[in-house]
Amino acid sequence: MNGDGSLEWLRREGRIVVVGASLAGLRAAETLREKGFAGSLTLIGDEPHAPYDRPPLSKQVLLGMTTADRTALPRRRDVDATWRLGVPATGLDMAARRVRLADGDEVPYDRLLIATGVRARPWPHEREAELDGVFVLRTRDDCAALARRLAEGPKRVFVIGAGFTGSEIASACRERGLPVTVAERGASPLVGALGGVVGAVAADLQQEHGVDLRCGVMVTALEGDATGRVRAAHLSDGATVETDVVVVSLGATRNTEWLAGSGLGAGPRGIACDAGCRAFDIRGIVTDDIYVAGDVARSPHPLFGYQFLSLEHWGNAVCQAEIAAHNMLSASADRLPHMWVPAFWSSQFGVNIKSVGVPSMGTEIVVSQGSLDSHRFVGVYGYQGRVIGAVSFDHARWLPFYQELIETTAPFPPPFHMVDRRPDGHRPLDADFPDPSVPTHGPTVTLSGYSPADRRMRFTPAR
């Protein structure tokens, strides 16, 4: 059967399996049906819930504005699928084209999309992690349990990690009038994602809103009482903070363990794939029947030195899932590359924070609009003489302009006429990112792979 014939058979009678029944998995399934796939479609998810939206969990749900069971994702269309929810995938047989499940069942496929995402990194000391009052926040059930405890009015909430999620949790606690302490091993909140210059602003915001912020310290132990409830956190500087609720916000772990021994190029950093979302095997050879999308994917991006990027971004999950679904059903000449420009947003302490590009690649930053002191500004990041990213605090209307500069590999710093006219408005500063060998909590972009310095191109988004 020729290539066109086999694709016609796939569209009409093929079997497509999606492992990961969350945002990326749902949007991929919808796209497959929209593009005429009429075969069998199976979605496998380790949680018992239908796909739901995660951003509201650390925002509206913790504030009591809605409940965790009301975060279901809207459906664009009926996907006419077999749903295997609450049954994790435990293995993959690439030769036989079968996914093994925890209940012993095996699901055959002709095309496979892996969208297993990430999970919250737990507190590393298991006995301490099991204390009553110690939480993580990633799933709907995590959020429901934490929201119930916050509604009981704890004496003090202790947040470990001041990345985006940890900072949003602290913000929600203060908005609810709860005392909160935040411990961050880095020099400031958000330092891993946005650098020390912007991190200092984030620190000011937290302290101005009554957060007891402890930076440059590690939590050495969590202490429980005789009944097994957490009662205190011990810090590396010798301090002890009494608390009855601890939220561990130490970043995420990619869900790839179930692929061990499969022959797929999967590991702690995610699953490597090409720009068309096709997975690599352990030999570095691209597969034709296995695709990857969402937080678990590592793919090269031409705008960012062909680095392999892992993006924990809502918009990336949607775009990559749609590209993967399109390419699954397409001949080689009709496949599309995934070149979404990273974008992220967070709401905390009364400020809307938004970014485009990859700020964490930047070595310099210039404040192009507003001022750091006012907590209302745009910071533009530069890397090797070009604009690589931008972040705004309550100044988002400028971001489309800077996204265009990123897409066209514009020079850094931007010409003076692009920035506010003040004496220091065009002076770049060291972006002050921490040593990458020292973990901080919460970069939403992970960089790995080759970064040639001499690449330049113009990127034209698909219309």
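The following exercises, with worked solutions, concern cysteines, aromatic rings and one strand of a predicted model.

Residues are numbered from 1 along each chain as its sequence is written. In this predicted model, local features need pLDDT of at least 70 and side-chain atom pairs count only at pLDDT 80 or more, while totals for chains, interfaces and linings use all residues; side-chain values use heavy atoms, with hydrogens and water left out.

**Exercise 1.** Determine how many disulfides the whole structure holds, and explain why C273 forms no bond.

*Solution.* Begin with the criterion: a disulfide is a pair of cysteine sulfur atoms within 2.5 Å. Next, take C273: the closest cysteine sulfur belongs to C277 and is 5.5 Å away, which is too far for a bond. Then take C173, whose closest cysteine sulfur, in C143, is 11 Å away and therefore also too far. The search of the whole structure accordingly gives 0 disulfides.

**Exercise 2.** Classify the ring pair of F164 and F344, and state which elements hold these residues.

*Solution.* Rings of Phe, Tyr and Trp (its six-membered ring) pair if their centres lie within 6.5 Å; planes under 30 degrees apart count as stacked, over 60 as edge-to-face and the rest as tilted. The structure holds 5 aromatic pairs. For F164 and F344 the centres are 4.5 Å apart and the planes meet at 55°, so this pair is tilted. Helices (H or I, at least four residues) and strands (E, at least two) are DSSP runs, numbered from the N terminus. F164 belongs to helix α5 (residues 164-175) and F344 to strand β24 (residues 343-348), so the pair ties together parts 180 residues apart in sequence. Both F164 and F344 are buried, where buried means under 20% relative accessible area, exposed over 50% and partly exposed in between (1.4 Å probe, protein chains only).

**Exercise 3.** Describe the surroundings of strand β11 (residues 180-184).

*Solution.* First, consider burial: 5 of the 5 residues of β11 are buried. Secondly, consider direction: V180, V182 and E184 point one way, and T181 and A183 the other. Thirdly, consider the partners, noting that two strands pair if DSSP finds at least two bridges between them. Strand β10 (residues 157-160) pairs with β11 in the parallel sense over 4 bridges, and F158 stands opposite T181. Strand β12 (residues 212-215) also pairs with β11 in the parallel sense over 4 bridges, with V182 opposite L213.
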